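Visitor: I would like to learn how to read a sheet, its strands and the charged pairs in a model such as this one. Could we go through them slowly?

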Amino acid sequence: MGNQGMEDMIPLVNKLQDAFSTIGQACNLDLPQIAVVGGQSAGKSSVLENFVGKDFLPRGSGIVTRRPLVLQLISAPTEFAEFLHAKGKKFTDFDEVRQEIEAETDRVTGANRGISPVPINLRVYSPHVLNLTLIDLPGITKVPVGDQPADIEAQIRDMIMQFICRDSCLILAVTPANSDLANSDALKLAKDVDPQGLRTVGVITKLDLMDEGTDARDVLENKLLPLRRGYIGVVNRSQKDIDGKKDIKAALDAERKFFLTHSSYRHMANSMGTAYLQKALNQQLTNHIRDTLPAFRSKLQTQLLSLDKEAEEYRHFRPDDPSRKTKALLQMVQQFSVDFDKRIEGSGDQVDTVELSGGAKINRIFHERFPFELVKMESDDKDMRREISYAIKNIHGIRTGLFTPDMAFEAIVKKQIVKLKEPCIKCIDLVIQELINTVRQCSNRLDTFPRLREETERIVTTHIRDRENQAKEQVLLLIDIQLAYINTNHEDFIGFANAQQRSNQAAGKQSQAGNQVIRKGWLTINNISIIKGGAKEYWFVLTAECLAWFKDDEEKEKKYMLPLDNLKVRDVEKSFMSSKHIFSIFNTEQRNVYKDNRTLELACDTQEEVDSWKSSLLRAGVYPDKNTIEGGEGGGSGPAENFSMDPQLERKVETIRNLVDSYMAIVNKCIRDLMPKSIMHLMITNVKDFINADLLAQLYSAGDQNALMDESPELAQRREEVLRTHHALKEALAIIGDISTTTITTPMPPPVDSSWQGAGGSRRSPPGSPTGSRRMSSGQRPAPGRGAPPPPSRPGPQALGPLNNSADSPQVPSRPNRAPPSIPSRRPPPSPTRQAP
């Protein structure tokens, strides 16, 4: 078993595994797995047993392998087996191994033919095996039996694909010789994941069970459905041999005799059989290890460099030294203070490139989030005007006021100032949360000492919460101060005279400049007849003198311009079929408003849009209809009351509105300036000073410093793992440096014609090949003179090509009518050469 050079390679792998087993890690050389794929009862399990040399797999009819069996072969001086699910128990009797496999399979799948993708892991230690990982997969089946699900075929296929899709997995496509090769599911699956044929080896079983007069010669010579690595024939024990406990060694001798004495196979006997199959797989193992070692050496070197500094620190570490604990406590608190200061003030080292944190996050809260929260508190223009109108009316009471009451201004202003409390408190909460997050981030360095970290976080967080209460009290005091006195003599306040003048100027401009735009937007004209096109959406522009609409918002094509003289607005009840809200404009002198229509019905998507357009029309002088204002008999307050203002009241509302806007701008400016300053003074600066001056004293008064500085079990484990890993890495690099990885290697066989793969997954045998009913027979070839020359007397195998290193292998002439054009004529392989990695 094995080729020249394996004597160096396998001990090398064993030494590396031993070096890493001391630290509880696997030597991740990614050794190739060998997945055995084929239909049920194709002989897969027999091939695996021949590899091991022991009877240990369950036998029977139907699906016997109902869970994947991951078989790890490990070269060792003694022979025994272990299961992953039964660690520590060694099996020396392989009959017990079979019983354990059956019991573990039934435990998960049940005893009635159920399947499961959960693998069984079995390790076999033996001096007669090489380090390989073989996987016995369930046989491909079509019809469910027993407890098997209806989609049994799809489940088994998915299970197989999980393994064979890996690039490090060799695929043994097992097909029995007494079935049609063109219908082989194993070859189809292998072709799906390995279209170039780099990892697939065809295995033909049951050659001794073929009908008399037939053989699989064309297949084994790689002339029928050729593979890049060709086919290897094996003869397994029959069920009678298994029942009779025939020894595997005797079975291998019988297999050898079969190939040597069979007239169709004796010329290729040296490249057939289980021994040659093992040799081929050993060659792949050797090549893989040799190809993997350079990258593995580089990986080990990188890991060693990354651990050098940490290992050097741990090498001189004395966990029970009292002076070390005191020194470590001082260093940890000082480092925590420095880290907190850097995260708040900003620094160039350890910059977070994923998200804002620390001081940058707080800065964003001050200058983006807080102003946004203030804006959210501002009242809607419509609601503000309604509140002002109610305030003016309620202040006048039963009397009709001649002047604009300043009490309405003060009532509205105070209501707006009270609303500022919510965003101010929210701003403090956001800053508190970020401070606590910053403390936790800075305490990550204290993970080495969990009790120290816990105490530090507790002390600092408690102090932050204390300062939170003081900050909120101070901020609420600022709001109360603003409420206590409305300073109408502020230099930035416009005053009543300016507010009235601004309102009059706005009214004057509206009367003097008809082109002043009050509102623009999309509206649907609802009462256009279907004959004229039906309801249609237009772009409306409302000015102080007219209402015009255009085809689109570019305002290039004007459809109509309606003067506002003598116009009023009334509500229109929403129809049952309509999803829009409608209001109408009509002329008080009973004239047509729009073409032949007495009214112009306009529709919006929401009632809020309707109210907003009514308010804009009111500003332009288009008042609601009296019936709409009164709301029917009995009156009562409702939405229509919003538009019950006469021009004189509207001017008063506009004056108060201007005053409120001016004064709230002053208050907002003051609050936006004072909030960051108050929070910085009362919280952030105070917390920094506390960490610098008082944290250490608080820690000393918290309890026993020695207990505070006890290292965590994770740190002790980490220290041991780092030192062991560092030692193992150095040892592994020394092993790789001492061992020569020069081995005999062989080139990859050239590509072959794979045109036998039909479109859509169907396969057809090449012309002249046997059909499914005639099986793999080469006993009925075309007669001479009928399009094909007679077969040569001693054709040579074309199975594994260069993998066959036998010097005495005979040459084989090509056969044009049977082999695809891309298959080269058989020549003896070049003599082995030594190659350095």
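Guide: The turns that follow take up the sheet, the cysteines and the salt bridges, and it should be kept in mind throughout that this is a predicted model.

Visitor: How should I read the sheet, and in what order do its strands lie?

Guide: As a general idea, strands of a sheet pair through backbone hydrogen bonds, either parallel or antiparallel. Here there is an open sheet of 8 strands with mixed pairing, and the order is 13-12-11-10-16-15-14-17. Its edge strands, strand 13 (558-563) and strand 17 (623-624), each pair on one side only. Helix 17 (residues 607-619) packs on this sheet, where it touches strands 10, 11, 14, 15, 16 and 17, and its direction makes about 135° with that of strand 10.

Visitor: Which strands does strand 15 pair with?

Guide: Strand 14 (residues 567-572) runs antiparallel to strand 15 and is joined to it by 6 bridges, while strand 16 (residues 599-604) also pairs with strand 15 in the antiparallel sense, over 6 bridges. Phe583 lets you follow both pairings, since Asp571 stands opposite Phe583 and the bridge partner of Phe583 in strand 16 is Leu602. Because 6 of the 7 residues of strand 15 (residues 581-587) are buried, this strand is largely enclosed by the rest of the structure.

Visitor: How many disulfides does the structure hold?

Guide: A disulfide is a covalent bond between the sulfur atoms of two cysteines. The structure holds 0 disulfides; among its cysteines, Cys165 is partly exposed at 45% relative accessibility, and Cys670 is partly exposed at 28%.

Visitor: How many salt bridges are found, and what does the pair Lys426 and Glu373 tie together?

Guide: The idea is to look for a Lys or Arg side-chain nitrogen within 4 Å of a carboxyl oxygen of Asp or Glu, and a search of the whole structure finds 30 such salt bridges. One of them joins the side chains of Lys426 and Glu373 at 3.4 Å, N to O. Lys426 lies in helix 14 (residues 421-442) and Glu373 in helix 11 (residues 358-377), so the pair ties together parts that are 53 residues apart in sequence. Lys426 is partly exposed, with a relative accessible area of 31%, whereas Glu373 is buried at 6%.

Visitor: How far apart in helix 19 are Asp661 and Arg657?

Guide: Asp661 and Arg657 form a salt bridge whose closest N and O atoms are 3.4 Å apart, and they are 4 residues apart in helix 19 (residues 647-693), which means a separation of about one helical turn. Salt bridges that share partners also join Asp429, Arg465, Glu468 and Lys472 into one network.

Notes. Residues numbered from 1 in each chain as written. Predicted model: local features only at pLDDT ≥ 70, side-chain atom pairs only at ≥ 80, totals over all residues. Heavy atoms only, no water. Buried < 20%, exposed > 50% of the residue type's maximum accessible area, 1.4 Å probe, protein only. Helix = DSSP H or I, 4+ residues; strand = E, 2+ residues; numbered from the N terminus. Pairing = 2+ DSSP bridges. Contact = heavy atoms within 4.5 Å. Axes fitted to C-alpha atoms, helices over the stretch in contact; angles between N-to-C directions. Disulfide = S-S within 2.5 Å.
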